[in-house]
Structure formats: structure tokens, C-alpha cells
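Dear colleague,

I am handing over the structure below, together with some notes on what was found in it. Please read them with the sequence and the model side by side.

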Amino acid sequence: MSSSALENEPKHTTQSPTQPTPGLSKMGLAAWIALLVLLGAELMDMIDQSVVLTALPAIQESTGAGPDTVQWLTTGYSLPVAVGLITGGRLGDLYGRRRILLIGTVVFTTASLLCGLAAGPGTLIAARALQGVGVAVMIPQILATLHVTFEGQNRSKVFGLYGAVMSLANVLGPVMGGLLTEADLFGLSWRPIFLVNVPVGLTVILLGRRFIPESTVKKADRLDLTGMLLSALAIVLIVFPLTEGHLHHWPLWCFALLAAGVLVLAVFLRHQKRRQGNAPLIALSLFRGRQFSGGMVAQLMHGLLCGLFFMTWTLYLQRGLGMSPFHAALAFVLLSVGELGGATVVARSGGRFARRLPQAGALIALAAMAGYGLQIHTGQGGA
């Protein structure tokens, strides 16, 4: 959610003429429908981040995709999301969150249809990237609309449900990917994992237009198009050679692109420093705090390692151990049970060990990954 949405409370909200404010604040029927539509859109977004994991072997087999394609099926989805989230939030502040949410949903739904109809890996990757664009536009509107629509205890309950939906998506994504792929509905193999988004997306569009209230920010920050382009270019120049380098045995052009990416990143940071106080994409002052900087580094490393591990893990379960997509999905359920257990421990700690919990979690994850590596190396986990 953009910072302007947090700074501006509901008094800056322009409500839709068809939905009165009292009904929403009292959690009437219209409010519940709006909430379900917003959470449904979020669930759809989150599931698509992981739904391809258990379907990767089937996608490889039917499309002839190589290892590089497998990586780009996830990277191509994540890149537009990383680049466009802040700009997506600004668009909602300026032009109306419901309007931008519905536009993003149209893009995401259309891209999902293209994914399901893709005949080759190139088309599939392009459609996945278009899905990411839709998500980058959708997610900020969901968070901002929940914030400005609900007040007091209702807001706390709503964001509690939002967190529950995110946790649920971590389980449903791989499970749905495994179930739908193994079911082979109408002989479509893995394609239903994307086609199922079409009726859900259409429902979000139709009900969202009717029940989600419109809201804007009176003094919204302007779009930093230069910053957006610089950040996008820097990310692509860095991520592309890191993704492709090992497949081409790290030729000179990979290092050249990496160097260019670092240079563009430096230009971007300088541009952001000049725009401080004038609606920058990133508030650089936040990084002066050790806790914030340390947390961002830890989150970055966690995301990188988890993305690499889960892709390798699902391929190993099915290619190495010969598991079916469904049984591989069950392994992700067990993983989510562990996440739930960890979250329960954190909740009951009462903040007494808050500063030590991230380190403890990192050590546990490291030990688990080392255990997997040892098991595979000794042949105990082999087929």
C-alpha cells in the first residue's frame, strides 16, 4: 500500500454513489460482499505465485521447456510485481482504487487465459509476465481499499482475515497445482491451473464494480516515471544474467550486464536522493535505521533462497523420487503446517524474544536445508 494511503484516513475517501458509507462501517451485507471480493482477488494473486511449482514437470514435458524456461516461469511473474507495486499504488491514489483494481483484474484474467492457451514456452513466459503486471496493479488497491473502507475494530478484523488468506494461499497454490495437473481435466494437463482464474477474475470484476467503493487521495503523490524506468532497467540488467549465466557457462556478456545493472542502480539511488521530499519511489531515510535495513536484507535473502529451494525441491520430488504431482503437493502442506507452528510460537512469545526469533528461524531453516542436502547426498532420498 502506498504511503499516501496510510497518511490519509477515510476523510479523503470519495465513496461510490451506489454504496453509502454507514453500511460499510457497520459491516452490512454490501461491506461483506466487498470484503469477500477483495480477499478473493488477493487469494487469486497469491495462489498464482506458487501454483506452477507442482506443475513444472508437466509443463516441461508438454511444451519441451528447458531449465531456463522453468526459471523464467517464476522470475517472469515476480519481476513486474517487484518493479510495479509502488507505481500501482500511486495510480490508485490518483485515478481511483476501484477503477485501477478492476483494470488490473482484467489484465490478470486475460493473461491467465493466455497462459492456459499457450502452445509454447515463449508464449507462456510472456503471459506469465503479463500476469505479474496485473498483480502489480491489483495488490496495492486491495490493501489501500481495505484501509480506507473499514474503521476501528472492523479494520483489525479485516486485516486479520487478510493475513489468514495469505497463509491459506501458501497451502492452496501448490496443492491446486498438483491436484489440477494430476486430474488432467478434459485432457488439458496443467492448463486448468491458469484457466481457473478466468471465472474467478470475471466474478471479481462484476461484483467489484457493484460493491467495492471508489476512493482516491486528494493530494496524491505524482508518478515518478523516471524512477520507475531506472529501477525496472536496473532489476532486469541484474536478474537476467543471474538467471541465464549458469546455462551459458558465465560468458563475458553476463558480467557486462551485471556491471551495467549496478551502474543503473547507482543512478536510480542518486535520482531518488534528489527527489526526497518530492514523492520519491523509495524513502531512503528509512534505511538509516539498523532494524529496518537489517530486516530488509534478511527478507531479501529469505526470498532468494526460498525461491531457489522450492523450485529445486518440487523438481526433485517428482523427477528424483518419482512422486505424482498430488503427492508432491502434500509435501507443501506439511511445510505449511510447520509455518503455522512457527507462527503460533511467535504469537505466544508475547514479544519477549522478538529480537532473537528471526535468527532462530534462519538457523532452523538452514539446518533443514542442510538435512535435505545430506539426505540426498547419502542416497537416502533417492528414487
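Why does Arg274 count as exposed? The model is a predicted one, and in it Arg274 has a relative accessibility of 65%, which is over the 50% that the word exposed requires. Arg274 lies in helix H12, which covers residues 252–274, and together with Arg270, Lys273 and Arg288 it makes up a positive patch on the surface.

A second patch on the surface has a nonpolar character, and it consists of Val297, Leu300, Met301, Leu304 and Leu305, whose accessible area together comes to about 480 Å². Leu304 belongs to helix H13, residues 290–320, and because its relative accessible area is 54%, Leu304 is classed as exposed.

Turning to the aromatic side chains, the structure contains 5 aromatic pairs. One of them joins Trp190 and Phe194 in an edge-to-face arrangement, with 6.1 Å from centre to centre and 85° between the planes, and both Trp190 and Phe194 are buried. Elsewhere in the list of rings, Trp72, Phe240 and Trp253 are linked by ring pairs into a cluster.

Helix H4, which spans residues 56–63, is mostly covered, since 6 of its 8 residues are buried. Those buried residues are Leu56, Pro57, Ala58, Ile59, Gln60 and Thr63. After H4 comes Gly64, which has a positive phi, near 70°.

Two residues other than glycine also deserve a look for their backbone angles. Phe186 has a positive phi, near 55°, and it sits in the loop that runs between helix H8 (152–183) and helix H9 (192–195). With a relative accessible area of 80%, Phe186 is exposed. Trp250 likewise has a positive phi, in this case near 50°, and its place is the loop between helix H11 (225–244) and H12.

Is Trp250 buried, exposed or partly exposed? Its relative accessibility is 36%, and therefore Trp250 counts as partly exposed, given that this class lies between the 20% limit for buried and the 50% limit for exposed.

If you go through the model in the order of these notes, you will meet the positive patch with Arg274, then the nonpolar patch with Leu304, then the aromatic pairs, helix H4, and finally the loop residues Phe186 and Trp250.

With kind regards

Conventions: Residues are numbered from 1 along each chain as its sequence is written. Side-chain values use heavy atoms; hydrogens and water are left out. Patches are made of residues with over 30% relative accessible area and no salt bridge: like charges are joined within 9 Å, nonpolar side chains (Val, Leu, Ile, Met, Phe, Trp, Tyr) within 5 Å. Accessible areas come from the Shrake-Rupley method with a 1.4 Å probe; for residues, only the protein chains shown count as cover. A salt bridge is a side-chain nitrogen of Lys or Arg within 4 Å of a carboxyl oxygen of Asp or Glu. Lys and Arg count as positive and Asp and Glu as negative; His and the chain ends are not counted. The place of a charge is taken as NZ of Lys, CZ of Arg, CG of Asp or CD of Glu. Helices (H or I, at least four residues) and strands (E, at least two) are DSSP runs, numbered from the N terminus. Buried means under 20% relative accessible area, exposed over 50%, partly exposed in between (1.4 Å probe, protein chains only). Rings of Phe, Tyr and Trp (its six-membered ring) pair if their centres lie within 6.5 Å; planes under 30 degrees apart count as stacked, over 60 as edge-to-face and the rest as tilted.
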